[in-house]
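Please open the model in your viewer and keep a selection tool at hand. The stops below go from one element to the next, with a note on what to pick and what is there.

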Amino acid sequence: MIFLGYLIFMGLIILPALDYFLGLLVFPTIKPSNSIDSVSPRAMDGVSAIIACHNEVVHIEQKVYELKTQFTDAKVQKYEIIVVSDGSDDGSNDVLERLAKSEMIIYHLIPERQGKPNAINKGVSLSKYPLLLFSDVRQTFSNGAISHLLSNLSDPEVGAVTSQLELEGDASPSRKLMNKLKLRESMKGSTTGMCGALYVIRKNLVTTLPTDIILDDLIIALSVMSQDKRVVLEPRAIVHDVSWDLFYSGRRQGRITAGLVQLLKQHRPLIFSIGLKQLVFLYGQKFMKYTAPI
């Protein structure tokens, strides 16, 4: 009986993993829609960049200038940069006040820290344009990253476009593999591996985030899929971050694990709303690495 139970348990783990890799091979590549969105790739109706900032005095001004340069290079004429300070107490607010007075940004202060999801919700409520671009502060972007992201919106079936994460130093084989898998998922449907440091999304697909959510970028991606729109990866839009050891620290891994458990416990209806194919992709992209050691 114990052995039978073990076999059943292993089957529940291994079969979805096999389905994941098999699906990446056999599912047909998604063809672009017959309709063409000629407005969004150039952000002709405008794009709102939203930054949730907590104690980023060293990097925040540089990030604002980087976004402005990216928008200029992409020939985006209508844009705004909204920075929500989530209880910063390191001098960030002084920098943001100065940038706001020079009309470089729209600045909103949350006096006491309430978390990134709340700051994102506030930034969305302040935005006025139909495209939203979310950016973290610390990372840097490749040249033309925003232009490349926007170019994917020529397909009206694409609801969100994520950048590709690359780490400092010699990229590990596992990071390269993860990026390849995400790109493959994107070609076959949608990728669940959104890079929260830089992505663009159609505003009408954004829902209010639960303020206690841990993996905000994953919830946003699943929400887009639940509305029958695609989440695609743009490999030319690259986010540069710290080295592998620093990025995948014990604290970050613990946070990711807690976020995945929270997703299973509190957001099962959303999980099952994305369809079987994307559910398999979700397992392969997010949960398989935790069940593989078993």
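How many of the five residues of β7 are buried, and why can β7 be called largely enclosed by the rest of the structure? Bear in mind that this is a predicted model, and begin by selecting β7, residues 198-202. Five of its five residues are buried, so β7 is largely enclosed by the rest of the structure. Colouring the two faces of the strand separately shows Leu-198, Val-200 and Arg-202 on one side, with Tyr-199 and Ile-201 on the other, and both of these faces are covered.

**The partners of β7**

Keep β7 on display and add β4, residues 131-135, which pairs with β7 in the antiparallel sense over five bridges. A convenient place to look along this pairing is Leu-133, which stands opposite Val-200 in β7. Next add β6, residues 158-168, which also runs antiparallel to β7 and is joined to it by three bridges. Here Val-161 has Val-200 as its bridge partner, while the partner of Thr-162 is Tyr-199.

**The whole sheet**

Now select every strand of the sheet to which these pairings belong: eight strands form an open sheet, in the order β3-β2-β1-β4-β7-β6-β8-β5, and the pairing is mixed. The edges are held by β3 (106-110) and β5 (140-141), each of which pairs on one side only.

**Across β1, β2 and β3**

Move to β2, residues 79-86, a strand that is mostly covered, with seven of its eight residues buried. On one side, seven bridges join β2 to β1, and these two strands run parallel; picking Ala-52 leads to its bridge partner in β2, Val-84. The pairing of β2 with β3 is likewise in the parallel sense, over five bridges, and Val-83 stands opposite Tyr-107 in β3.

With these strands still selected, bring in the helices that connect them. Helix α2, residues 60-73, makes a right-handed β-α-β unit with β1 and β2, and a further right-handed β-α-β unit is made by β2, α3 and β3. Helix α3 (residues 92-101) lies across β1, β2 and β3, and runs at about 150 degrees to β3. Helix α4 (residues 116-126) lies across β1, β2, β3 and β4, running at about 145 degrees to β2.

**Two loops with positive phi**

Select Ala-43, which is found in the loop between α1 (2-26) and β1. Although Ala-43 is not a glycine, its phi is positive, at about 50 degrees, and its relative accessible area of 3% makes it buried. Then select Lys-75, in the loop between α2 and β2, which also has a positive phi, of about 60 degrees, without being a glycine. Is Lys-75 buried or exposed? Its relative accessibility is 68%, so Lys-75 counts as exposed, the cut-off being over 50%.

**Aromatic rings and lysines**

Show the aromatic side chains next, where a search of the whole structure finds five aromatic pairs. In one of them, the rings of Phe-71 and Tyr-79 have their centres 4.5 Å apart and their planes at 25 degrees, so the pair counts as stacked, a term kept for planes under 30 degrees apart. The two residues can also be coloured by accessibility: Phe-71 is buried, at 0% relative accessibility, whereas Tyr-79 is partly exposed, at 23%.

Then select Tyr-20, Phe-21, Phe-27 and Phe-281, which ring pairs link into a cluster. Adding Lys-277 to this view shows a lysine that lies over the face of Phe-27, at 5.4 Å from the ring centre. For another lysine over a ring, select Lys-63, which lies over the face of Phe-141 at 3.6 Å from the ring centre.

**Last stop: helix α7**

Finally, select helix α7, residues 216-226, in which ten of the eleven residues are buried, so that the helix is largely enclosed by the rest of the structure. The buried residues are Asp-216, Asp-217, Leu-218, Ile-219, Ile-220, Ala-221, Leu-222, Ser-223, Val-224 and Met-225. Extending the selection beyond α7 brings in Asp-228, which follows the helix and has a positive phi, near 60 degrees.

Key: Residues numbered from 1 in each chain as written. Predicted model: local features only at pLDDT ≥ 70, side-chain atom pairs only at ≥ 80, totals over all residues. Heavy atoms only, no water. Buried < 20%, exposed > 50% of the residue type's maximum accessible area, 1.4 Å probe, protein only. Helix = DSSP H or I, 4+ residues; strand = E, 2+ residues; numbered from the N terminus. Pairing = 2+ DSSP bridges. Contact = heavy atoms within 4.5 Å. Axes fitted to C-alpha atoms, helices over the stretch in contact; angles between N-to-C directions. Phe/Tyr/Trp six-rings, centres within 6.5 Å; stacked < 30°, edge-to-face > 60°. Lys NZ or Arg CZ within 6 Å of the ring centre and 35° of its normal. Right-handed = clockwise from strand over helix to strand, strands pointing away.
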